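Please look through the model below with the sequence at hand. The paragraphs that follow take its pockets, rings, helices and loops in turn.

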Amino acid sequence: MDAHPVAFRIRLLAVLAVVAVNTALYLLANAHPTREPALLPLSAIDTAIGWHAWTIWPYWLLLCINPFLAMGLRDRTLLWATFKAYGLAMGLNMALWLAWPTRIVRHALPDDLGGATRAVWDLLHALDEPNSCFPSGHITIPVVVMVAFARQHPRSRPWIWLPVLLFPTIVTTGQHYAVDLLGGAATAFAGYGGPDCWAGGCLPRRHCTSAPRLRCAIDRPGSRSLSTLITRVAPVYRAVFAPGVRT
């Protein structure tokens, strides 16, 4: 039994509100970058993975499963801790999107692509500009939610990580490059306080094991260095992965 259960109706409204706000902010930053987005380079990994039209379906599945998993968080303390971690992680993403806008070159859709697959591709391209690529929020969100769901439902741990198999679809659909995937995972763990997540982090003690309770990263004094972290991440990424990239 959960110590402080949250009614399903409240969870539903809370999750829908978060989804609506997140979507609005992302689309706004994507459609109206603060300056000319930097063109990210195509890496050897991206070339090897390639572009595959059919992967638009598992890509949409990756986007859609997150709210359903979030609504499975019944415990009030855990749900609130997850929202805090989510807010910090996506806040870091947003700060990077605004401070250093990025974009990629999309793969042209083949002329013989038709039917429902063409329709879902057209919908994606109508909603989503090829900007705000690094880090990928499409990775940040499921990582945050899966960690919390595994804490709420311990018996789900053998299978809750299956959505990770869908992560490469952000590359195979040409929505992101592989480095964006790594960046999205990094900001998710930053939301939980990095490695501290696995030792307690934002999550309440009864949802963690063999570790003292730690305060959420958003409440720790170290979180005040968030702006410093942002200023360090972007130059390092440019130097390592995009030397000479156009800004």
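What is the volume of the largest pocket? In this predicted model, the largest pocket has a volume of about 640 Å³. Its lining is made up of 29 residues, and the closest to its centre are Val-19, Asn-22, Thr-23, Leu-63 and Ile-141. Two or more lining residues come from each of the elements α1, α3, α4, α5 and α6. By class, the lining of the largest pocket divides into 21 nonpolar residues, seven polar and one charged.

The chain around this pocket has 10 helices and two strands. Read from the N terminus on, the order of elements is α-β-α-α-α-β-α-α-α-α-α-α. Of the 247 residues in the chain, 48% are buried.

The aromatic residues come next. A pair of aromatic rings is described by the distance of the centres and the angle of the planes. A search of the whole structure gives four aromatic pairs. One of them joins Tyr-26 and Trp-97: the ring centres are 5.4 Å apart and the planes stand at 65°, so the pair is edge-to-face. The cut-off for that class is an angle over 60 degrees. Tyr-26 belongs to helix α1 (residues 8-31) and Trp-97 to helix α4 (residues 76-99), so this pair ties together parts that are 71 residues apart in sequence. Tyr-26 has a relative accessible area of 12% and is buried. Trp-97, at 4% relative accessibility, counts as buried too.

Another pair is formed by Trp-51 and Trp-121, with ring centres 5.3 Å apart and planes at 35°, so the pair is tilted. Trp-51 sits in the loop between α2 (44-49) and α3 (56-70), while Trp-121 is in helix α5 (residues 115-127), so the contact ties together parts that are 70 residues apart in sequence. How do the two rings' residues stand, buried or exposed? Trp-51 has 19% relative accessibility and counts as buried, because the limit is under 20%. Trp-121 is buried as well, with a relative accessible area of 1%.

The loop that holds Trp-51 is also the place of Thr-55, between α2 and α3. Thr-55 counts as buried at 4% relative accessibility. The side chain of Thr-55 reaches the backbone oxygen of His-52 at 2.6 Å.

Tyr-26 also appears in the lining of the largest cavity. The whole structure holds one cavity of 30 Å³ or more, and about 50 Å³ of space lies in the largest cavity. Besides Tyr-26, its lining includes Ile-104, Arg-106, Gly-174, Gln-175 and His-176, as well as Asp-128, Glu-129, Pro-130, Asn-131, Ser-132 and Cys-133. Sorted by class, the lining of this cavity has four nonpolar, five polar and three charged residues.

Ser-132, one of the residues that line the cavity, lies in the loop between α5 and α6. What is the backbone angle phi of Ser-132? Its phi is positive, about 50°, although Ser-132 is not a glycine. Most residues other than glycine have a negative phi, and most peptide bonds are trans. Ser-132 counts as buried, with 4% relative accessibility. The peptide bond from Phe-134 to Pro-135 is cis, with omega near -5°. Pro-135, like Ser-132, is found in the loop between α5 and α6.

Cys-133, another residue of the cavity lining, has a contact with a strand residue. The backbone nitrogen of Cys-133 is 3.2 Å from a polar atom of the side chain of Thr-102. Thr-102 is located in strand β2 (residues 102-103). At 0% relative accessibility, Thr-102 counts as buried.

Helix α6 (residues 137-152) is the last stop. At its start, a side-chain oxygen of Ser-136 comes to within 3.2 Å of the backbone nitrogen of His-138. The 16 residues of α6 reach 23 Å from the first C-alpha to the last, close to the 22 Å expected at 1.5 Å a residue. How many of the residues of α6 are buried? The helix is mostly covered, with 16 of its 16 residues buried. Helix α6 is also among the elements that give two or more residues to the lining of the largest pocket, where the description began.

Terms used. Residues are numbered from 1 along each chain as its sequence is written. This is a predicted model: local features need pLDDT of at least 70, side-chain atom pairs count only at pLDDT 80 or more; totals for chains, interfaces and linings use all residues. Side-chain values use heavy atoms; hydrogens and water are left out. On a 1 Å grid over the protein atoms alone, a cavity is a set of points where a 1.4 Å probe fits but cannot get out, and a pocket is an open set with protein on both sides within 12 Å along at least five of seven lines; lining residues have an atom within 4 Å of a point. Grid points are joined across faces, edges and corners, and a volume is the space filled by probe spheres set on the points. Ala, Val, Leu, Ile, Met, Phe, Trp, Tyr, Cys and Pro count as nonpolar, Asp, Glu, Lys and Arg as charged, and the others, Gly among them, as polar. Rings of Phe, Tyr and Trp (its six-membered ring) pair if their centres lie within 6.5 Å; planes under 30 degrees apart count as stacked, over 60 as edge-to-face and the rest as tilted. Helices (H or I, at least four residues) and strands (E, at least two) are DSSP runs, numbered from the N terminus. Buried means under 20% relative accessible area, exposed over 50%, partly exposed in between (1.4 Å probe, protein chains only). The expected span of a helix is 1.5 Å times one less than its number of residues. A polar contact is a pair of N or O atoms within 3.5 Å; within protein, one must be able to donate a hydrogen and the other to accept it, and residues adjacent in sequence count only if both atoms are side-chain atoms.
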